[in-house]
Amino acid sequence: MSDIKSACEDRMKKTLSALKDEFAGIRTGRASPSILDKLRVDYYGEKTPIAQVATVSVPEARLIVVQPWDKATIGEIEKAILKSDLGLNPSNDGKVIRISIPPLTEERRKDLVKHAKASAEQSRVALRNIRRDGLEDLKKLKDSGTPEDTIKKSEDELQKLTDSYVAHINKTLEDKEKEIMEV
């Protein structure tokens, strides 16, 4: 019984963690090195994360500086940033790439909030699917002779666990919405 619950809880933790990673990549009006985390640079034929080919820093609230370790990769890094859907315009002086983060328009903020809500809903659906799988596993135990009251108690615990993770997702979404909408 507790094996089923702990397996479900592990999967739920991974779902919440994946949502937080997704939210880290959603751009707000402030500079954050995490918005470049998902970008891959063509580094000698390999698609490599920016963090593995350069130092990414935030010297000011609206500026990201990318300093490649190998100056030959500066063009590839710039290309990857331009190709991304982040809407950023990097400028390169041959040594470092500076990315000025423009303030978001109201329309863009609303689009980002809509995207965040869609991601949160996908995570809630994933949680409900995990709960369903756990309930099916518990039903199999019922067929093998486990007492019904024990199964019912486990089902209730699984529902409480699901509810708590849905609340975590809602709180995470609420925080991200505030961050996106603040001017």
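**View 1. Strand 4 meets strand 6 in this predicted model.** Four bridges hold strand 4 and strand 6 together, and the two run antiparallel. Look for Ile64 first: its bridge partner in strand 6 is Ile99. Leu63 is also worth finding, since it stands opposite Ser100 of strand 6. Strand 4 (63–68) is mostly tucked away, with five of its six residues buried. Strand 6 (residues 97–100) has two faces: Ile97 and Ile99 sit on the covered one, while Arg98 and Ser100 make up the uncovered one.

**View 2. The hairpin of strand 3 and strand 4.** Here the two strands are linked with two residues between them. Five bridges join this antiparallel pair. Glu60, for one, has Leu63 as its bridge partner in strand 4. That makes Leu63 a handy landmark: it is the bridge partner of Glu60 and stands opposite Ser100 in strand 6.

**View 3. The hairpin of strand 5 and strand 6.** This hairpin has four residues between its strands. One residue to pick out in the turn is Gly94, with a positive phi of about 95°. Three bridges join strand 5 to strand 6, again running antiparallel. Across the pair, Ser91 stands opposite Arg98, and Arg98 belongs to the uncovered face of strand 6.

**View 4. The whole sheet, with helix 2 packed on it.** Put the pairs together and you get an open, antiparallel sheet of four strands in the order 3-4-6-5. Which strands stand at the edges? They are strand 3 (54–60) and strand 5 (90–92); each has a single partner strand, so one side of each has no neighbour in the sheet. From one strand to the next, the twist averages 25°. Helix 2 (residues 74–83) packs on this sheet and touches strand 3, strand 4, strand 5 and strand 6. The direction of helix 2 makes about 165° with that of strand 5.

**View 5. Helix 3 and what covers it.** Helix 3 (residues 106–143) has 38 residues, and at 1.5 Å a residue it should span 56 Å. Its end C-alpha atoms are 56 Å apart, so the model agrees with that expectation. The buried residues of helix 3 are a mixed bunch: they include Leu112, Val113, Leu127, Ile130 and Leu138, but also Arg109, Ser119, Ser123 and Arg124. Ala116, Ala120 and Gly134 are among the buried residues too. Where does the cover for these residues come from? Helix 1 (2–24) and helix 4 (148–181) are among the elements that supply it. Just after helix 3, check the backbone at Gly145, where phi is positive at about 100°.

**View 6. The aromatic pair, Tyr43 and Tyr44.** The structure holds one aromatic pair. The two tyrosine rings have their centres 4.8 Å apart, and their planes meet at 70°, so Tyr43 and Tyr44 are edge-to-face. Buried or exposed, how does Tyr44 count? Tyr44 is exposed, with a relative accessible area of 65%. Tyr43 has a relative accessibility of 29%, so it counts as partly exposed.

Notes: Residues are numbered from 1 along each chain as its sequence is written. This is a predicted model: local features need pLDDT of at least 70, side-chain atom pairs count only at pLDDT 80 or more; totals for chains, interfaces and linings use all residues. Side-chain values use heavy atoms; hydrogens and water are left out. Two strands pair if DSSP finds at least two bridges between them. Axes are lines fitted to C-alpha atoms, for helices over the stretch in contact, and angles run from 0 to 180 degrees between N-to-C directions. Contact means heavy atoms within 4.5 Å. The expected span of a helix is 1.5 Å times one less than its number of residues. Buried means under 20% relative accessible area, exposed over 50%, partly exposed in between (1.4 Å probe, protein chains only). Rings of Phe, Tyr and Trp (its six-membered ring) pair if their centres lie within 6.5 Å; planes under 30 degrees apart count as stacked, over 60 as edge-to-face and the rest as tilted.
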